[in-house]
Amino acid sequence: MIHEGQGSIIVNQRNYEIKPGMICVFQPFQLHHVQTVIGENTPFVRSVIQFEPSRYEAFFENWPALHAFLKQFHKGKPPTPGYYEPKEMERLSHILLSLQESIKSLSKDQYLEEFSLFLIAFFRTFRTLYESRRLDSQAEPQTRQPHQAEKIMEWLEKMSTDLHLSPHHLSHLFKDCTGSTIIHWRAKSTPLLSKGRTLWLWLLGISTAVLRHGGRRSS
């Protein structure tokens, strides 16, 4: 979310002007390039929300339309940046500021619930704004091919339902036992797995959401 600033952004092989009211959604591992003009009289102010979609998808399942909207951004055709009016941006900024205030009094073990509620509130409001600008909002969503890194993360996430170790501990334990990282083992063992050999790993990993509220910068 761009609040103040100038510049350009290249995404989906197209160039877009950076200006107040711009909202960009980047999918996992999606290539993009941002070029900003920053000076004493030209600050660049933005708000950034970064999270692992698969970690929070289950919280959206009680709201089918909202769940479909999240999946559209996560696994659908890469969206193009949009431009919104000041009052519309204010609605989204208010949700961000509310989160910023609420987490000050929370312990870390309460973050997951608070972040989940925040994402539901944010996407509920953003969906209304986004679809009001789409002439083809009723069209069938287009899907994309997942990035190889996403496939690896989904593989680990699927196994994480049976885990009782932190990802950090698991990574070190696996390397101590096998002499290889999980990803390297996976790459080397794929031909063996295809022939029927199976390795059972009991894992429990929680991807940590990182939500950052951007601030004013100057060069």
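Lys104 has a relative accessible area of 61%, which makes this residue exposed. The model behind this value is predicted.

**Exercise 1. Salt bridges**

Find how many salt bridges the structure holds, then describe the partners of Lys104 and Arg127.

Solution.
- Step 1: Start with the count. The structure holds two salt bridges.
- Step 2: Take Lys104. Its partner is Glu101, and the closest N and O atoms lie 3.1 Å apart. The cut-off is 4 Å, so this pair qualifies.
- Step 3: Check exposure. Lys104 is exposed at 61%. Glu101 is partly exposed, at 48% relative accessibility.
- Step 4: Take Arg127. This residue forms a salt bridge with Glu131, with 3.6 Å between the closest N and O atoms.
- Step 5: Look at the spacing. Both residues sit in helix H4 (residues 111-131), four residues apart, so about one helical turn separates them.
- Step 6: Check exposure again. Arg127 is partly exposed at 27%. Glu131 is partly exposed too, with a relative accessible area of 29%.

**Exercise 2. A buried acid**

Locate Glu52, decide whether this residue is buried or exposed, and look for partners of its side chain.

Solution.
- Step 1: Place the residue. Glu52 lies in the loop that runs between strand S7 (48-50) and helix H1 (53-56).
- Step 2: Assign burial. Glu52 is buried.
- Step 3: Search for opposite charge. The nearest such side chain is Lys75, at 8.5 Å. The salt-bridge cut-off is 4 Å, so Glu52 has no salt bridge.
- Step 4: Search for polar partners. The side chains of Glu52 and Ser54 share a polar contact of 2.7 Å.

**Exercise 3. Arg55**

State which helix holds Arg55, classify its burial, and give its C-alpha distance to Ser116.

Solution.
- Step 1: Arg55 belongs to helix H1.
- Step 2: Its relative accessibility is 16%. Buried means under 20%, so Arg55 counts as buried.
- Step 3: Arg55 and Ser116 stand 61 residues apart in sequence. Their C-alpha atoms are 9.6 Å apart.

**Exercise 4. Strand pairing around S2**

Trace the pairing of strand S2 (residues 6-11) with S5 and with S3.

Solution.
- Step 1: S2 pairs with strand S5 (residues 32-37) in the antiparallel sense, over six bridges. Ile9 faces Val34 of S5.
- Step 2: S2 also pairs with strand S3 (residues 14-18), antiparallel, over five bridges. Here Ile10 has Asn15 as its bridge partner.
- Step 3: Inspect the turn. S2 and S3 make a hairpin with two residues between them. Asn12, in that turn, has a positive phi of about 55°.

**Exercise 5. Confidence and overall makeup**

Summarise the chain, then mark where pLDDT is below 50.

Solution.
- Step 1: Count elements. The chain has seven helices and nine strands.
- Step 2: Check burial. Of its 219 residues, 32% are buried.
- Step 3: Check contact range. Among contacts with a separation of 6 or more, 74% join residues 24 or more positions apart.
- Step 4: Read the confidence. Mean pLDDT is 75, and 63% of residues reach 70 or more.
- Step 5: Rank the elements. Strand S4 (residues 22-23) has the highest mean pLDDT, 94, and strand S9 (residues 210-212) the lowest, 33.
- Step 6: Mark the stretches. Residues 135-140 have pLDDT below 50 and one contact beyond near neighbours in sequence. Residues 190-219 stay under 50 as well, yet the model gives them 74 contacts beyond four places in sequence.
- Step 7: Apply the caution. Where pLDDT is low, predicted coordinates should not be read in detail.

Conventions:
Residues are numbered from 1 along each chain as its sequence is written. This is a predicted model: local features need pLDDT of at least 70, side-chain atom pairs count only at pLDDT 80 or more; totals for chains, interfaces and linings use all residues. Side-chain values use heavy atoms; hydrogens and water are left out. pLDDT is the predictor's confidence in each residue, from 0 to 100. Contact means heavy atoms within 4.5 Å. Two strands pair if DSSP finds at least two bridges between them. Buried means under 20% relative accessible area, exposed over 50%, partly exposed in between (1.4 Å probe, protein chains only). Lys and Arg count as positive and Asp and Glu as negative; His and the chain ends are not counted. A polar contact is a pair of N or O atoms within 3.5 Å; within protein, one must be able to donate a hydrogen and the other to accept it, and residues adjacent in sequence count only if both atoms are side-chain atoms.
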